[in-house]
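Please work through the exercises below with the sequence and the coordinates at hand, attempting each task before reading its solution.

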Amino acid sequence: MFVDFFYMLRDSGIPASPTSFLRLHKALKIGLITGLNDFYTAARAILVKSERYFDIYDQVFAHFFHGAELPDFKAIDLDDAARTLLDEWLKDPQALADALGISREQMQSMSPEELIKYFLDRLKEQTEAHHGGSRWIGTGGTSPVGHSGVHPGGMRVGGRSMGKSAIKVALDRRYRDYSLEGPLTQAQMGEALKRLRRMVPVGPRDNLNIEETIEATTRNAGEIEIVFDRSLRDRLKIILMIDNGGWSMDPYVEVVQTLFNYARSQFKDLKTFFFHNTVYDFVWEDPPRRHKPQRVQDFTTWDPETRLIIVGDASMAPYELMATDGSIHIEERSGLPSIDRLNLLSELFHHCAWFNPTPLRLWPMTRTIGIVNNIFPMFELTLEGLDSAVTHLMSRN
Amino acid sequence: MGNQQTGPTFTGASQYVLDEELANIVNISMALEMPLLLKGEPGTGKTMLAHAITESLGMPLIVLNVKSSLKLVEALYQYDTLTRLNDSRFGDSSRDVSNIEDYIRMGKIGQAFVAEQKTVLLIDEIDKADTDFQDDMLDVLDQMEFDIIEIDKTVSARHRPVIVITSNAKKDLSDPFLGRCNFHHIAFPEPDMMRQIVRVHFPDLDNELLEVCVKTFYVMREFPGIEKKPATRELINWTRALRQDPDFRPKDLVQGKIPYLGILFKKSPDYQQAVQQIRRRRV
């Protein structure tokens with residue numbers, strides 16, 4: 001009974017265990033579950049162990065019991081951002097048709113979803129065959145597809161379900177903002193800050209302070225009094241480097257800056273720098289990247305315990321990363337390829353992390369993402385990615 | 001204790017407005033004899049639920065407040081070495097120094113096990129402790145017994161306590177731990193529910209004041225960039241303050257003059273942001 005439902009939950013990504021499934025059956029046997037509403041609540045409490053899966057549970061439940069459409073969790077979402085992108089391109093249909101290598105009539109007969117899928121297939125081929133491959137129509141040399149998975153609707157966490165059928169409740173999708181899909185948005189700032197709060201190294205109160213203990217004991221005329229200390233460690237210093245060139249990073253630059261500025265008080269020191277696409281010889285303290293350069297070579301004098309956090313989509317033409325004159329800005333010519341600079345940074349700062357707003361499943365499509373991933377541990381710019389990154393940055397070695 | 005079919009069920013308590021969903025989950029957890037893990041925004045009534053359960057079922061409540069430095073053994077029992085040392089040096093107490101058992105005191109979990117009747121055991125804010133504590137506690141709660149090494153005895157639970165665990169979700173709990181509990185996330189109440197909750201706390205509150213307070217509260221929750229949004233607890237304190245203020249009129253809120261912001265926004269950056277937002281809206 002309900003075995004299909006169980007497997008559907010697992011396929012959609014919810015880690016429900018067989019033991020808990022048996023428990024659900026036990027609950028059914030006892031006779032506690034008297035209707036679909038009860039089943040909705042009971043199954044969720046027994047099978048789903050974190051609110052980040054509640055949204056997916058709602059969708060699967062609505063589909064299984066009501067025939068609501070189930071999003072294909074493995075396929076690529078075509079959402080608002082991708083649609084606007086497509087509309088932009090379609091303003092010049094001939095150019096688009098030429099670029100894709102199909103005739104205009106063929107293109108017009110395809111639906112938007114088919115068009116995007118076709119486009120992505122071509123993309124896959126191109127990045128493997130040509131080595132200059134990431135320049136696309138109207139993208140200015142950066143990431144191939146828009147930001148999928150963004151949930152623009154505001155926070156709508158509701159509680160009371162009295163009188164409402166479970167289907168309606170599930171279709172409501174109350175837990176959307178807790179879901180960990182999609183890159184970081186303004187609405188998730190609170191949740192993101194909670195993750196950053198973990199970046200404070202402080203130990204528990206278990207260090208025996210011998211001097212104080214002896215003094216307290218003598219003050220008590222020999223009655224033993226033990227005094228403990230909290231093992232404190234220094235607060236962290238952070239270097240934040242943000243890729244703020246090109247339009248693809250625009251929505252994230254502000255979010256990331258706000259996030260770290262809010263958390264500023266918990267760090268000993270926070271320095272922010274900007275770069276475009278990748279790091280060459282300089283990074284800049286000012287967003288226009290014109291007035292306050294910082295030589296990358298000079299980072300050798302900085303404290304190696306500083307945590308280095310880089311935010312960028314790591315998507316560019318491979319020559320920008322690998323060639324000695326790779327920079328798309330004519331003024332930067334030092335003879336060292338960017339990849340050497342990145343290697344230098346990762347050696348100088350042991351604890352480093354790279355945040356990429358592109359979804360994980362699209363990373364294999366861009367060659368430079370893979371290359372950068374080999375140098376810096378790369379994380380998605382989502383709540384889940386933030387969690388993992390903080391764990392990584394806080395690890396002792 | 002009654003067989004599972006007709007055992008005690010939880011239907012809500014006087015000071016706690018119940019969500020039907022939650023009542024179901026509590027009853028199922030009790031029948032399945034599994035701990036219930038509650039997560040949710042701070043201030044949404046997780047701890048109050050445990051109190052409500054004890055009131056409704058007429059069981060005593062034992063609360064274990066988890067601290068970051070808590071070791072499992074402290075929650076189970078304490079071997080009071082200092083008193084023993086003291087007695088052995090001054091030798092004037094009625095306790096028998098050579099018998100260690102006299103110096104063993106039960107910790108909260110131990111108390112729940114040896115209690116004469118079934119109790120409700122609330123383990124509050126378990127995410128504050130480290131994962132070692134959580135995993136070790138798993139075993140104890142599963143077996144419903146633990147050993148006292150010093151006197152070589154095993155303490156078994158006479159009656160299985162009803163276990164409610166709360167977590168503020170600062171750190172993730174380990175998978176084996178999650179697998180052994182039932183889970184519920186207490187969502188933030190909708191305005192209707194919120195009105196009921198405030199009514200329960202202030203039965204004689206003026207309707208107009210209630211309306212305008214709840215409305216303003218939800219508007220303020222939507223302010224961008226707030227780290228700790230005001231929760232139910234803040235609203236109740238705020239309403240209490242407004243009610244007691246003789247100079248306050250509900251019209252003030254409508255016009256955008258919002259007093260006692262400090263009760264709602266507890267962090268300085270949040271407070272400043274709220275003040276800015278209110279100023280902006282007035283203009």
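Three exercises follow on this predicted model, each with a worked solution.

**Exercise 1. The central sheet of chain B**

Determine the strand order of the open sheet in chain B, and state which strands lie at its edges.

Solution. As background, the secondary structure of chain B comes to 13 helices and 9 strands, and 76% of the contacts between residues at least 6 apart in sequence join residues at least 24 apart. Begin with β8(B), residues 162-167, and look for its partners. With strand β1 (residues 36-40) of chain B, β8(B) shares 4 bridges in the parallel sense, and B:Lys39 stands opposite B:Ser167. With strand β5 (residues 120-124) of chain B, β8(B) likewise pairs in parallel over 4 bridges; here B:Val120 faces B:Val162, and B:Leu122 has B:Val164 as its bridge partner. Extending the pairing outwards gives an open sheet of 5 strands with parallel pairing, in the order β2-β5-β8-β1-β9 (chain B). The edges are therefore not needed as an assumption but can be read off: β2 (61-65) and β9 (182-186) of chain B each pair on one side only. Neighbouring strands of this sheet are turned by 20° against each other on average, direction ignored.

**Exercise 2. The surroundings of β8(B)**

Establish whether the two faces of β8(B) are covered or open, residue by residue.

Solution. In a regular strand the side chains alternate between the two faces of the sheet. The residues of β8(B) can accordingly be sorted into two sets, with B:Val162, B:Val164 and B:Thr166 on one side and B:Ile163, B:Ile165 and B:Ser167 on the other. Each member of both sets is buried, and both faces are covered. The count for the strand as a whole agrees, with 6 of its 6 residues buried. For the chain, by contrast, 32% of the 283 residues of chain B count as buried.

**Exercise 3. A helix pair in chain A**

Describe how helices α14(A) and α15(A) pack, and classify the residues of their contact.

Solution. Two packed helices are described by the angle between their axes and the distance between the axes. For α14 (residues 338-348) and α15 (residues 367-375) of chain A, the angle is about 30° and the axes are 9 Å apart. Because angles under 35 degrees count as roughly parallel, α14(A) and α15(A) are roughly parallel to each other. Next, list the residues that meet: α14(A) contributes A:Ile339, A:Leu342, A:Asn343 and A:Ser346, and α15(A) contributes A:Ile371, A:Val372 and A:Ile375. Sorted by character, the residues of this contact comprise 5 nonpolar, 2 polar and no charged.

Definitions and conventions:
Residues are numbered from 1 along each chain as its sequence is written. Chains are lettered from A and ligands numbered from 1 in the order in which they are written. This is a predicted model: local features need pLDDT of at least 70, side-chain atom pairs count only at pLDDT 80 or more; totals for chains, interfaces and linings use all residues. A residue is buried if 20 or more other C-beta atoms lie within 10 Å of its own, exposed if 12 or fewer, and partly exposed in between; C-beta atoms are placed from the backbone. Two residues are in contact if their C-beta atoms, placed from the backbone, lie within 7 Å. Two strands pair if DSSP finds at least two bridges between them. Axes are lines fitted to C-alpha atoms, for helices over the stretch in contact, and angles run from 0 to 180 degrees between N-to-C directions. Angles under 35 degrees count as roughly parallel, over 145 as roughly antiparallel, 65 to 115 as roughly perpendicular and the rest as oblique. Ala, Val, Leu, Ile, Met, Phe, Trp, Tyr, Cys and Pro count as nonpolar, Asp, Glu, Lys and Arg as charged, and the others, Gly among them, as polar.
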